[in-house]
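Welcome, and thanks for opening your viewer. Shall we take a walk through this model, one selection at a time?

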Amino acid sequence: MVQFRSASGSLSGRAFTFGNLHLEADGTLTRGDSIIHLPPKELAALNLLLAHSGQVVTHQQLKRALWGDVHVTDDSVPKCMSSLRELLVPDDYIQTVYKRGYRLSVEVHKSEPQLSEGQPRLVIMPFSAEMNVPGYLGSSIAEETIALLTADRFCPVRVLARDSAFSLAARGMTAHQVGEALQADLVLTGTLRSLPSHFRLRAEMIRVADGTQIWVEDMLVSQARVAELEFELANRLFVRLSTFDSFLSRRPSFDARDNQDPGRREAYELFLRGHHEWQTLQRHRMLDGLQHLTRAVELDPSLHAAHIDLANACVIQAFSGFISPTQAAEQVRRAAEAIPRFVEGAEAILPPLGWIQFHVDHDLSGAVRAFSTSAHLPHETSITRLRSMFSLSRHRFLEAIEILSEALHSDPYSPWLNARLAWAYHLSGETAKSVEQAEHALDIFPDHESTNLYGAMILSFNGNADRAIAVSENLVRRSPYLDPAIAVHGYALALGGRTDEARSILERLQWLSRERFVLSSFTAAICAALGDIEGATAELHAASESRCPWFFQFLADPRFAALHGNPKFVALQSVLARMESAAEKKSEQDM
């Protein structure tokens, strides 16, 4: 399996304060007004400890993060940690945990880096597409422009989270309204028009404070070279917003040779289309997205973004019940093998890789290594989704709540972040908070799949079955091929006293499971609601055997309280305990 070296710079763009010390997002360590100069390896080690504050970081984790696959002597880690301790004197915050590793013994506070006055907050809206323009293209160009600007450390603006901007735009809010809601300084919006042989993008920058249009740019590119639009737009943004002309020279330039190769040009266009399609929860559109991405990497194996997208798409397909976890795992492994380990951005493949190592392979050590090595990656929808689900599956609910809450600071109008936070509260047993958060998510996004799915489960469990039935009916009507939606509707019906309808849904899903993969964890909840304890444990056992991605979370679900103490349920709970024990033993052996 390929391994990737973690970055030694800042973690998720955040600053850290611990004890008397402060680590800036750019890696500058200070004590009061004094700067403490850390060599790269010591800085990387400190970053890893800060990313896992309160937890033990093993020798093996440190070795992989600092040296990757390079062979080093067994005393390399202790020497590095000894050097780091000396540099931090007189502060002694690094604790050695016998035969396990190291951890920080002081409370760590995370904070967003302070922005300079010259760094405005920018929202990029999905661009509207006029007649004869493919529907996916406007949002894809906007999203790729966001990715280009976000990835560039010289970017003169702070680009706000994509999910919130796109979600608010989908609700019909104007660009100015979205800017006000997200407390942005500037909003970029635009319209994409199709000409006989060209695409024309008219981009407009709006100042949020007074709604004034600051500038307008017209960009024209051949339809055969659509990929140049986002690079041209990013370059023009740099010119407009930067006070230094040298910023432009630091931008990656689009290689025109890529457009001269018909195969690579087609691959990129398929990547844009596939990226747009798989992010829906509509079965046929997600499958179309997978096909586009698969074809894209066949045409251009060096298109690493498409490999990563393909891996994330497969994981979401498994969560949705559209493909089996073993099918998803095969695609993720193939994508990981296709990406050279030290390519820029390669660590983005690690969260989906860690997910399959945990859920499919039951290799907790490998999963922890993957998520630890990618801990420096900033919030992005796919990454944060898998980080939080990994924590929830390990029953580390406070950790998941922290991950989701931090992401919501920068992405407050993300439907799935709001909905998953309600689910995290539910699993942790914080009933009042889970209901309040579920209601909040439904108020903001009453028709989104994630808010409906989690909201219906939480509301029905907490005595509001009628509302849950209405919410789940709405979800099934809009997503008729989404098995979890159907199952959650059955669960709500069972708790609402409509048991015959609930049994009919249960029987239908059980019959489908003989022909294809079905998320048995959800059918187990219907059984539990109907009082069928044996049926519920049987469905959970089937979920364990099929590596259902919801299995471990549902073991902690309060909806299964009636199963506690049941020998078969206890046996299922022991699966996670054995994995944790095996991981701890392996960690001790690696030391």
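Buried here means under 20% relative accessible area. By that standard, buried residues make up 54% of the 591 residues in this chain, which is a predicted model.

Start with the whole chain in cartoon view. You will be looking at 27 helices and 14 strands. Now switch on the surface: the chain exposes about 24900 Å², with carbon and sulfur atoms supplying 50% of that area. Among contacts between residues at least 6 apart in sequence, 63% join residues at least 24 apart.

Next, go inside. Select Val123, Ile124, Leu137, Leu188, Leu229, Trp550 and Phe560, the residues with the most contacts inside the largest nonpolar core, which has 156 residues. Helix 12, residues 304-320, gives this core its largest share, ten residues.

Keep helix 12 selected for a moment. Its 17 residues reach 24 Å from the first C-alpha to the last, close to the 24 Å expected at 1.5 Å a residue. Is helix 12 largely enclosed or open? Because 15 of its 17 residues are buried, helix 12 is largely enclosed by the rest of the structure. Step just past its end to find Gly321, whose phi is positive, near 85 degrees.

Now center on Leu188. What does Leu188 touch, leaving aside residues up to four places away in sequence? Its partners include Leu122, Phe127, Met205, Trp215 and Leu237.

For a last stop, select Phe16, Leu46, Met81 and Leu88. These four belong to a second, separate core of 30 residues.

Conventions:
Residues numbered from 1 in each chain as written. Predicted model: local features only at pLDDT ≥ 70, side-chain atom pairs only at ≥ 80, totals over all residues. Heavy atoms only, no water. Core = buried A, V, L, I, M, F, W, Y, C linked by side-chain atoms within 4.5 Å. Buried < 20%, exposed > 50% of the residue type's maximum accessible area, 1.4 Å probe, protein only. Helix = DSSP H or I, 4+ residues; strand = E, 2+ residues; numbered from the N terminus. Contact = heavy atoms within 4.5 Å. Expected span 1.5 Å × (residues − 1). Areas by Shrake-Rupley, 256 points an atom, 1.4 Å probe, with all protein chains shown as cover.
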